[in-house]
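Subject: Handover of a structure and of what was found in it

Dear colleague,

Please find the structure below, together with its sequence. An account of what was found in it follows, and I would ask you to keep the structure open while you read.

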Amino acid sequence: NKNQKSYIRDILEDFETLNYRNFNDMQFSSTKTKHIELIIGQEEFISLSLLNKKEDLNDFNIISIFEPTETILPIELYESFNSHLILIFADIRKKIEDTNLSLNEKEELSKLEIQNKDFEILKDYILNNKDKKFIINCQVGVSRSAAIGIILENLLNDNQIDIDLETNKILSHWRYSPNPIILEKYFNKDFINKYEENLDLDNIF
C-alpha cells in the first residue's frame, strides 16, 4: 500500500546512516527448526533486512510470499541474503468448489491459488539452497508462510514430518495457522487424513 511504500522509500534513502543491529539480538515471535531460522511477517522482514549487517544476512535464504494484488518489495531488501525466492499466490483457506460462487468466479479465484508450477519452483529452490537456513515471510507471517515451512521441513527430512500438535515446532507455536489448502494440494490424501486426525482443526485451520 501507499504508506508501506513510503515507509520503505524513506528508510532506503537513509540506508547508510542506520545503526545496524546484531542479527541474534533481534527478537521475533517465531519458531526455529533444523532448516528454518524464522517464519515472520512482511514488516518484520523489512526490519530484519534493513537493520542487520549484510554479512549476517548472507547466512540465510529468504522466501517471500505476496498476494497477487500486493506490490513486490524493492530488490534492495533481498540483495544481502544468500538467495531469495518470491512466490505470488492468494491466502485462500477454503476449497473453492465448496463456495457459492458462480462457475466463472470459481475459475477466476482458482487462478489466484498456489499452482503446481509454484510447488515445483519451490522444491527446486529449497533443494538447490539447502546448505543454508531459510527465512520465510508472507504478509503477516501466520498462514501461507507456515504452510510453506511445513513443506520445506518435509522436503528436507526425506519426506517425513512430525505432525503431532505438541511436538511439531511450527504447529505447536501459538502464532501459526498453516493454510490448509496449500497443504492439501501439496500432500497426498493419506497425509491429510492423518494430519486431520492429529489436529484440532478449529484452532489450527
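Please note at the outset that this is a predicted model.

I begin with one residue, S30. Is S30 buried or exposed? The relative accessibility of S30 is 18%, and because buried means under 20%, S30 counts as buried. This serine sits in the loop between α1 (2-13) and β1 (36-41). The side chain of S30 takes part in two kinds of pairing that you can look up in the model. A polar atom of that side chain lies 2.9 Å from the backbone nitrogen of I39. In addition, the side chains of S30 and Y176 are joined by a polar contact of 3.3 Å. If residues up to four places away in sequence are not counted, S30 touches E37, L38, I39, I40, H173 and Y176.

H173, one of the residues just named, deserves a short look from its own side. H173 is placed in the loop between α6 (144-156) and α7 (180-186). With a relative accessibility of 16%, H173 counts as buried. Not counting residues up to four places away in sequence, H173 touches S29, S30 and T31.

The overall layout

How many helices and strands does the protein chain have? There are nine helices and four strands. Along the sequence they follow the pattern α-β-α-α-β-β-α-α-β-α-α-α-α. The protein chain has 205 residues, of which 47% are buried. Among contacts between residues at least 6 apart in sequence, 70% join residues at least 24 apart.

The nonpolar cores

In soluble globular proteins, nonpolar side chains tend to be buried together. In this model, the largest nonpolar core has 30 residues, and those with the most contacts inside it are I63, L122, I136, I148, I151, L152 and I182. The elements that give two or more residues to this core are β1, β2 (60-66), β3, α5 (116-128), β4 (133-138), α6 and α7. The largest share, eight residues, comes from α6. Apart from this core lies another one, of 16 residues, with I40, I46, L73 and I135 among them.

Two residues of the largest core may help you to find your way in it. The first of these, I63, lies in strand β2. I63 has a relative accessible area of 0% and is therefore buried. Leaving out residues up to four places away in sequence, I63 touches L85, L87, L122, Y125, F134, I135, I136, N137 and L152. Between I63 and I86, which are 23 residues apart along the chain, the C-alpha atoms are separated by 6.0 Å. The second is I148, which is in contact with I65, F89, I114, L122, I136 and I182, leaving aside its neighbours within four places in sequence.

L155 is also worth selecting in the model, and you will find it in helix α6. L155 is buried, with a relative accessible area of 15%. Apart from its neighbours within four places in sequence, L155 is in contact with K123, I126, L127 and Y186. L155 and I126 are 29 residues apart along the chain, while their C-alpha atoms are separated by 8.2 Å.

The cavity

Rolling a probe the size of a water molecule over the atoms shows where empty space is left. Here the count comes to one cavity of 30 Å³ or more, and the largest cavity has a volume of about 30 Å³. Which residues line the largest cavity? They are F89, A90, I92, E113, I114, N179, I181 and I182. By class, this lining has six nonpolar, one polar and one charged residues.

A partly exposed residue

I close with K95, in the loop between β3 (83-88) and α4 (103-110). The relative accessible area of K95 is 32%, and so K95 is partly exposed. K95 is in contact with I181 and E184, once its neighbours within four places in sequence are left aside. K95 and K106 are 11 residues apart in sequence, and from C-alpha to C-alpha they are 10.0 Å apart in space.

Yours sincerely

Key: Residues are numbered from 1 along each chain as its sequence is written. This is a predicted model: local features need pLDDT of at least 70, side-chain atom pairs count only at pLDDT 80 or more; totals for chains, interfaces and linings use all residues. Side-chain values use heavy atoms; hydrogens and water are left out. Buried means under 20% relative accessible area, exposed over 50%, partly exposed in between (1.4 Å probe, protein chains only). A polar contact is a pair of N or O atoms within 3.5 Å; within protein, one must be able to donate a hydrogen and the other to accept it, and residues adjacent in sequence count only if both atoms are side-chain atoms. Contact means heavy atoms within 4.5 Å. On a 1 Å grid over the protein atoms alone, a cavity is a set of points where a 1.4 Å probe fits but cannot get out, and a pocket is an open set with protein on both sides within 12 Å along at least five of seven lines; lining residues have an atom within 4 Å of a point. Grid points are joined across faces, edges and corners, and a volume is the space filled by probe spheres set on the points. Ala, Val, Leu, Ile, Met, Phe, Trp, Tyr, Cys and Pro count as nonpolar, Asp, Glu, Lys and Arg as charged, and the others, Gly among them, as polar. A nonpolar core is a set of buried Ala, Val, Leu, Ile, Met, Phe, Trp, Tyr and Cys residues joined through side-chain atoms within 4.5 Å.
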